[in-house]
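Reader: I am new to protein models, and I would like to understand how aromatic rings are described in one. Could you take me through an example with care?

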Amino acid sequence: MVRLGLIVSCIWTICYCIHGAIIPQAHFAPAIKPSTSPSSSSIPLPLVIWHGLGDNYKAEGLRSVGVLANKTNPGTFTYYIRLDPDPSGDRTATFLGNVNSQVEKVCADLASHPVLSKAPAINAIGFSQGGQFIRAYVERCNDPPVANLVTFGSQHNGISEFQNCEADDWACQGWQGLLRGNTWSAFVQNKLVPAQYFRNPKDLENYLEHSNFLADLNNERTIKNNTYKKNIQKLERFVMYVFEEDKTVVPKESGWFSEVNETTQKVTKLQDRSIYVEDWLGLRSLDERDRLEFRTTEGGHMQLSEKVLVDTFERYFRPRANPAPEGSWSNAVEEFDNRIQEL
């Protein structure tokens, strides 16, 4: 019991260190008043956003993204994924929890949502770790289906190292020891979120055997899940942004499914890896149909400008003409708004 209590204490220390000293809060555009509603014939698909580590679904900066999406494409209904209705609990879930269970919850939430469940499709954005998590939604359930998926600074190929600590930061060094010495333990793999997408190319044997989340998600084990591939192939567009000066995600090229040799720093691009050549996930199929995009943006991790966001909304989330028959999902937005006002 003493040992378990020590581990739990260390994990809470991890939460504090990551949030306060290592992972920067996302910096987004300031809030903007939404535009007037469009006609039903030009209503855009709903937008679903999965936030990153240390953030919560009610954060002002995150909400401003939805406001900006609505200003760019009037009528955009935005849903912010939450793992707990309490913002504090939702933020804690970005550090602690079983990612597979979290994805299952999101699948159920979206499939039963009064607006999203009636839409012909949705668009999706994943910020940082939210990028691989929303991709897990696409691969594992995809109901409602995602049309266009955009990720910013995500870790699609995992992280190969945890952040370094300052020489006098003993608390940080304590959790570093826990992570590095117990990365593949069942306790850490089931409780500590970042550990579940840890992937060191020098230790693939342990990764493939013990990874609770990423090894399965990327179809890297011998037995492949063909559903993952089929669902990725259904995407109209999969866009991956990497921050040019990203020092938080190691390696930053993970945002493009690339692999980096820690010794030589040689980058093996996605197109030269087995996951692409043998098309384990359907990424090659997307690429051959010009549906896979690799993009960069200036700045450090999650230093995201309004210009980039507006460009994203204009390029990938423009309204569809006559997306659904009269009386179907487009009316669900108004019904949902009316229900909220009655409460």
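Author: The turns below deal with aromatic pairs and with a charge over a ring. This is a predicted model, in which local features need pLDDT of at least 70 and side-chain atom pairs count only at pLDDT 80 or more, while totals for chains, interfaces and linings use all residues. Residues are numbered from 1 along each chain as its sequence is written, and side-chain values use heavy atoms, with hydrogens and water left out.

Reader: How many aromatic pairs are there?
Author: Rings of Phe, Tyr and Trp (its six-membered ring) pair if their centres lie within 6.5 Å, and planes under 30 degrees apart count as stacked, over 60 as edge-to-face and the rest as tilted. By this rule the count is 10 aromatic pairs.

Reader: What kind of pair do F133 and Y197 form?
Author: Buried means under 20% relative accessible area, exposed over 50% and partly exposed in between, with a 1.4 Å probe and protein chains only. F133 is buried at 2%, and Y197 is buried as well, at 4%. Their ring centres are 6.2 Å apart with 65° between the planes, and the pair is edge-to-face.

Reader: Which residues do ring pairs link into a cluster?
Author: A cluster here is put together from ring pairs, and one such pair is that of F133 and Y197. The linked residues are W50, F133, Y197 and F213.

Reader: Which residue lies over the face of W280?
Author: A charge sits over a ring if NZ of Lys or CZ of Arg is within 6 Å of the ring centre and within 35 degrees of the ring normal. At 3.7 Å from the ring centre of W280, the residue over its face is K224.
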